[in-house]
Amino acid sequence: MDLEKLKRSLLGRTPGLMDATGQYSVLVPLVEGEEGLSLLYEVRARTLRSQPGEICFPGGRMEAGETPEQCALRETEEELAIPRQEVEVLGRPDFICNQAGFLMQPVLGLVSAAGFAAVAPSPAEVGEAFTVPLAFFRETAPEQYVYALQPD
């Protein structure tokens, strides 16, 4: 490969994670209530093949040409019926690379009162939805578990 061809191949390129298996996005939905700000969680339907019963945020695989914000809002609308116009995107916290090799890109958003009132979990994907006040996380130390891993 000559130098000019190398330059052209890098022109306008956005770096990514080498060998990433996919990109996903989740909405980290905040709702305001009597207890102040709370996080809105969902429980994945028990009938799902992958991670049934898992507690998570709404989200999924990003489609071609989709931004993390667009994906998070689309998935939230599909899973919880919260219209995307009822979510104020506040920003994007740090992303993580899962041990399976995919990128998980969170999007922090404030769900309006009308959006929260519209919550109707899709039975095909979501078993239930619930909120946890942010105060709980400030007042409760996380449980940490450690185990020895020995390769065989």
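**Starting from a loop alanine**

Ala20 has a relative accessibility of 33%, so it counts as partly exposed (buried means under 20% relative accessible area, exposed over 50%, and partly exposed in between, with a 1.4 Å probe and protein chains only). The model here is a predicted one, where local features need pLDDT of at least 70 and side-chain atom pairs count only at pLDDT 80 or more, while totals for chains, interfaces and linings use all residues. Residues are numbered from 1 along each chain as its sequence is written, and side-chain values use heavy atoms, with hydrogens and water left out.

Back to Ala20: this residue sits in the loop that links α1 (3-10) to β1. Ala20 and Ala141 are 121 residues apart along the chain, and 33 Å separates their C-alpha atoms.

Now for the whole chain. It holds four helices and eight strands (helices are DSSP runs of H or I with at least four residues, strands are runs of E with at least two, and both are numbered from the N terminus). Read from the N terminus, the order is α-β-β-β-β-α-β-β-β-α-β-α. The chain is more spread out than a compact globule, because its radius of gyration is 19 Å, well over the 15 Å that the globule rule gives for 152 residues (the radius is taken over C-alpha atoms, and the rule is 2.2 Å times the number of residues to the power 0.38). Along the principal axes, the C-alpha atoms fill a box of roughly 65 × 45 × 35 Å.

What about the inside and the surface? Of the 152 residues in the chain, 31% are buried. The chain exposes about 10,600 Å², and 54% of that comes from carbon and sulfur atoms (areas come from the Shrake-Rupley method with a 1.4 Å probe, and for residues only the protein chains shown count as cover). Contacts (heavy atoms within 4.5 Å) reach a long way along the sequence: among those between residues at least 6 apart, 63% join residues at least 24 apart. As for charge, there are 12 positive and 23 negative ones, and their mean positions lie 12 Å apart (Lys and Arg count as positive, Asp and Glu as negative, and His and the chain ends are not counted; each charge is placed at NZ of Lys, CZ of Arg, CG of Asp or CD of Glu).

Which residues make up the largest nonpolar core? There are 11 of them: Leu27, Val31, Leu40, Ala72, Leu73, Leu80, Ile82, Val87, Val107, Val111 and Val126 (such a core is a set of buried Ala, Val, Leu, Ile, Met, Phe, Trp, Tyr and Cys residues joined through side-chain atoms within 4.5 Å). At least two residues of this core come from each of β1 (22-33), α2 (68-80) and β7 (102-111). The biggest share belongs to α2, which gives three residues. A second core, separate from this one, has five residues, among them Val28, Leu30, Leu39 and Val132.

Leu40, a member of the largest core, is in touch with Pro29, Phe57, Leu80, Ile82, Phe116, Val119, Ala129, Phe130 and Thr131, leaving aside residues up to four places away in sequence. Ser38 belongs to strand β2 (residues 36-44). With a relative accessibility of 6%, Ser38 counts as buried. Leaving aside residues up to four places away in sequence, Ser38 touches Pro29, Leu30, Val31, Thr131, Val132, Pro133 and Leu134.

Two residues stand out for their backbone angles. Most residues other than glycine have a negative phi. Gln51 is not a glycine, yet its phi is positive, at about 55°. Gln51 is placed in the loop between β2 and β3 (55-56) and is partly exposed, with a relative accessible area of 44%. Ala81, also not a glycine, has a positive phi of about 65°. The loop between α2 and β5 (87-91) holds Ala81, and its relative accessible area of 33% makes Ala81 partly exposed.

Last comes the loop between β4 (59-61) and α2, where Gly65 is located. Is Gly65 buried or exposed? Gly65 is exposed, at a relative accessible area of 81%. From Gly65 to Glu77 there are 12 residues in sequence and 19 Å in space, C-alpha to C-alpha. Ala64 is in the loop between β4 and α2 too, and at 84% relative accessibility Ala64 counts as exposed. Ala64 and Gln23 are 41 residues apart along the chain, with 10.0 Å between their C-alpha atoms.
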